[in-house]
Structure formats: structure tokens, C-alpha cells
Amino acid sequence: MSLIVMKFGGTSVGTIERIKNVAKRVAKKKDEGHDVIVTVSAMAGETDRLINLLKEIDPKYDPREYDMVVSTGEQVSIGLLAQALKSMGYDAISLTGPQIGMITDGAHSKARIVEITGERLRKELAKGKICVVAGFQGIFPETGDITTLGRGGSDTTAVAIAAAMKAKVCEIYTDVDGVYTADPRIVKKAKKLDKISYEEMLELASLGAKVLQSRSVEFGMKYGVDILVLSSLEEKPGTLVTKEDKDMEKVIVSGVTSDKNQAKITITEVPDRPGIAAEIFEELAKQNINVDMIVQNVSTAGKTDISFTVAQTDILRAFDACKIIAKNIGASNVLSDENIAKVSIVGVGMKSHAGVAAAMFKTLAENNINIQMISTSEIKISCVIDEKFSELAVRVLHERFVEEGDHVS
Ligand code: ADP
Ligand code: ASP
Ligand code: MG
């Protein structure tokens, strides 16, 4: 008998009808003779609703209170799913993050998993129970406070449980039937991939393809857990996220994605002397603000502009912090721009093909899309552009690199 970890996202548990459907899929696995741990998200729209309640009180809310509020969404789902299973005659138990020993650090609203003790899970599985675990939440033992793992964090809960409990595969059930070459809601011609490497999936997820949270892919890669992305509504083969193989390298671009949840900050007329960049970014790091792309202009008369991107959720805090930093270092102004998007192409085949960046820039230029920032790695190229061109950019890049095939010049 093997252990299966299943995860169902918000849309998949969005109504009572759907929860009953999920219960049937879970029960089927149990009937096949597996031990089953199932992780669920909050019902569709619930997390957004809870965040809005908090924002109504104060847009600069305390992340600790955020975690207290948003973690309730998952608790409703686990209770409902466990009850649905019980009403079908199955022995199930709902468990919160703290109850399964989901230990995290104390970075409220974006906590990282430190370990999963899993004692309670082992005990309940030994009794033959189906464990229904709340996704997205954990506990910071130093304070005993509830934490959450960042938006989309239930994927990470599931894969981390699979790793800790030594399950070979983690099944992620969602509202699409796999990972596509682009978001199928934006690009009608997007193709479903049979499999994709951890590295590519990690880039796609970090760059905006929300089908999997990027940390879940990190866990899968680190602990060798295969992740199977499947539809919760239809029984169809999905996409396997796994180790890179030879076939994968033949494809130059395996995915195109965009991320609108980005914002840009520019600190103008920063004195150009050693230690300044360190001073700025150390202060932001201290405040737990993750910085992504950074651009520093050529200096004129000993002054330079520094621009960088942060997650939109951090923009108010980042802006306030930069105002203080600017004053301390003698910079003249801080500007923020929330109307940006990052558009990216990803593929392990880029490692062995030249000219991909040029082809990407040319495609954007032909469509009159101005590039504000660029960043590259071995297997991805990202450009920051005006948010209003985000969907157009994804479509034209998909057309260029996926639909037209793999030539680059
Ligand atoms: P869940 O609620 O199940 O966690 P999400 O909404 O977080 O589901 O993720 C699934 C969504 O991800 C899909 O509905 C799809 O619109 C979006 N998506 C973005 N990029 C991709 C991609 N490359 N392949 C598949 N889905 C994608
Ligand atoms: N409910 C959380 C969110 O909406 C976590 C998740 O769905 O994975 O972000
Ligand atoms: Mg999700």
C-alpha cells in the first residue's frame, strides 16, 4: 500500500457540489488501497474576500493579523471535506497546519517551511484515516502564532507533506488539466505539456504561471517528489513535473508567462559611491521585502537613478522604507509605478541556442512594446513592460516561439 498526497485548489472546492465531487475522488484512492493525505485550499474567492476585509480596516495591515484572518479560509474547507467523506462512510479527520506540525519561520504572510514533524499524520494514517489537511498555513514555534505561506501556498503544503512523508508523487488537482505552454486563459493556442523539468517549472512559477506555487516546485526538486498536475473536474492525463531529460533540451522555449503583481520603485539622484546599494537593499531585506530586478543607470555628476521591482503586495511598505532611505543617503526622490508587468520566456533549450534574447526583443519591438528592464538566466529571459501590454506580449511571444516553431534567427 502506498501513500498518495492529493491537493485540491480553490475552484475545485468552490461549492458544496464540488466538495462532494472531491470527496468521491479521494474515496476512490482509498478504495484502491492507498493511504491518503489530502490538502485543500480555501473555497474560490474566499482568501481574496478575507484580505479585502482586512484592507477595509487598514491597507497597511499587520502581517500577523493577516495570517490570523486568511488562514481561516482553509479551515472551513477541511472541515467540510472531512464531513463529506464521513457522510459517505469513510473515516476521515481534518487537521490544521499547527496540528500536523507544519513548522515555519516567522515571516508572516510569506513564511517558509522549516520542517514537518508529521507525528499526528502518522498516527491518524495508522488508524486507517484519510487525513484532510489545511493548505497554506503553519506555525512559528517561537511565538506559537499561525503563519501563511504566501498566495498559492497550498501547493507547497502538499509537496512538502509528500516529501516529509516520503510519498513518491504529489497530485495537484486544479481547474486546468495540466501545465500549458502559456496560461490557456490568455493564449487559446497554448499546448498542454506531458512533462516539464523542475527547473523550467520553477522559472515559470516564479515568473507568474500561478498553476503551481514556485516553492512547491523547489520542494519537489530538492526531495525528488514527482508533481502531477491534473484536472479536478475531468479524468484526463495531466502534466508531470520531474527531472530534466534529453528530450526536454530539444525545445528552446517551453513556456511563456507574465506577472502583473509587480511594482517598480525608482530612487532618483542617488549619490554614486561605494556602499550605497548595500545600504538600500540591506534595509529592504531587514523589512522582509524581496527585491527582484535591479537596474542602476550610468551616473552623471556623481548621481545615479536606481530602479527595482518588488511584489505589488509589498509596494506600500517598500515605498515608505525607501522614502526614509532616500533621506538618509541624500537621494532626491522616490517614485513608484504599479502599472508594470514582467513577461518571460522559459526553456532549458536556451542553454544551447544563441539569439533567443534578440528574437524576443525584436518580437516585442515589432508590436510597439517598450522594454523597461531586462533580466536573464541560463533558461529564461524576462522583460518589464507597461502592464497594459502584458497579454499582447504573451500572445505574440507564444506565437513567435511556440506556434511558429523553434528557429531563432
Ligand atoms: P488552484 O485554485 O487550483 O490552486 P490556480 O488558480 O492557483 O488554481 O492555478 C490554476 C490557474 O493557473 C489556471 O486556471 C490557469 O489560468 C493559470 N495558469 C497560468 N499559467 C498557466 C500555465 N502555463 N499552465 C496552466 N495554467 C496556467
Ligand atoms: N487560499 C490561498 C490563496 O488563495 C492558498 C492557496 O489557494 O493555495 O492564495
Ligand atoms: Mg493555486
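What follows is a set of questions and answers about one predicted model.

Visitor: How many helices and strands does the chain have?
Guide: The model is predicted, not experimental. Its chain combines both kinds of element. The count is 13 helices and 18 strands.

Visitor: What radius of gyration does the chain have, against that of a compact globule?
Guide: The chain has 409 residues. For that number, a compact globule would have a radius of gyration near 22 Å. The value for the chain agrees, at 22 Å.

Visitor: What does the C-alpha trace span along the principal axes of the chain?
Guide: The radius of gyration is one number for the whole chain. The spans give one number per principal axis. They are about 75 × 50 × 35 Å.

Visitor: What percentage of the residues in the chain is buried?
Guide: Buried means under 20% relative accessible area. The count runs over the 409 residues in the chain. The buried share is 53%.

Visitor: What part of the exposed area do carbon and sulfur atoms supply?
Guide: The chain exposes about 18,400 Å². Of this area, carbon and sulfur atoms supply 50%.

Visitor: Which share of the contacts joins residues at least 24 apart?
Guide: Take the contacts in the chain between residues at least 6 apart in sequence. Among these, the share joining residues at least 24 apart is 74%.

Visitor: How far apart are the mean positions of the positive and negative charges?
Guide: The chain carries 51 positive and 57 negative charges. Each set has its own mean position. The two means are apart by 3 Å.

Visitor: Is Ser 232 buried or exposed?
Guide: Ser 232 sits in the loop between strand 11 (226–231) and strand 12 (239–242). Its relative accessible area is 2%. The cut-off for buried is under 20%, so Ser 232 is buried.

Visitor: Which side chain makes a polar contact with the side chain of Ser 232?
Guide: Beyond four places in sequence, Ser 232 touches Phe 8, Ser 12, Asn 21, Arg 25, Tyr 173 and Thr 174. One of these residues also supplies a side-chain polar contact, at 2.8 Å. That residue is Ser 12.

Visitor: Where is Ser 12 found, and what is its relative accessible area?
Guide: Ser 12 is in the loop between strand 1 (3–8) and helix 1 (16–31). Leaving aside neighbours within four places, its contacts include Tyr 173, Thr 174, Asp 175 and Ser 232. Ser 12 is buried, with a relative accessible area of 4%.

Visitor: What is the phi of Lys 166?
Guide: Most residues other than glycine have a negative phi. Lys 166 is not a glycine, yet its phi is positive. The residue lies in the loop between helix 6 (154–164) and strand 9 (169–174), and it is exposed at 73% relative accessible area. Its phi is about 60°.

Visitor: What is the phi of Asn 288?
Guide: Asn 288 is in the loop between helix 10 (276–286) and strand 14 (291–296). At 38% relative accessibility, Asn 288 counts as partly exposed. Asn 288 is not a glycine, but its phi is positive, at about 65°.

Visitor: Which residues is Pro 63 in contact with, leaving aside neighbours within four places in sequence?
Guide: Pro 63 belongs to helix 3 (residues 63–70). It is partly exposed, with a relative accessible area of 26%. Thr 148 is 85 residues away along the chain, with 9.6 Å between the C-alpha atoms. The contacts of Pro 63 are His 108 and Ser 109.

Visitor: Which side chain does a polar contact of 3.3 Å join to that of Ser 377?
Guide: Ser 377 lies in strand 17 (residues 373–377). Ser 377 counts as partly exposed, at 31% relative accessibility. Its C-alpha atom is separated by 9.4 Å from that of Val 346, 31 residues apart along the chain. The side-chain partner in the polar contact is Glu 203.

Visitor: What distance separates the C-alpha atoms of Glu 119 and Asp 337?
Guide: Glu 119 is in helix 5 (residues 119–126). It counts as exposed, at 61% relative accessibility. Asp 337 is 218 residues apart from Glu 119 along the chain. Their C-alpha atoms are separated by 47 Å.

How values were computed. Residues are numbered from 1 along each chain as its sequence is written. Chains are lettered from A and ligands numbered from 1 in the order in which they are written. This is a predicted model: local features need pLDDT of at least 70, side-chain atom pairs count only at pLDDT 80 or more; totals for chains, interfaces and linings use all residues. Side-chain values use heavy atoms; hydrogens and water are left out. Helices (H or I, at least four residues) and strands (E, at least two) are DSSP runs, numbered from the N terminus. The radius of gyration is taken over C-alpha atoms; the globule rule is 2.2 Å times the number of residues to the power 0.38. Buried means under 20% relative accessible area, exposed over 50%, partly exposed in between (1.4 Å probe, protein chains only). Contact means heavy atoms within 4.5 Å. Accessible areas come from the Shrake-Rupley method with a 1.4 Å probe; for residues, only the protein chains shown count as cover. Lys and Arg count as positive and Asp and Glu as negative; His and the chain ends are not counted. The place of a charge is taken as NZ of Lys, CZ of Arg, CG of Asp or CD of Glu. A polar contact is a pair of N or O atoms within 3.5 Å; within protein, one must be able to donate a hydrogen and the other to accept it, and residues adjacent in sequence count only if both atoms are side-chain atoms.
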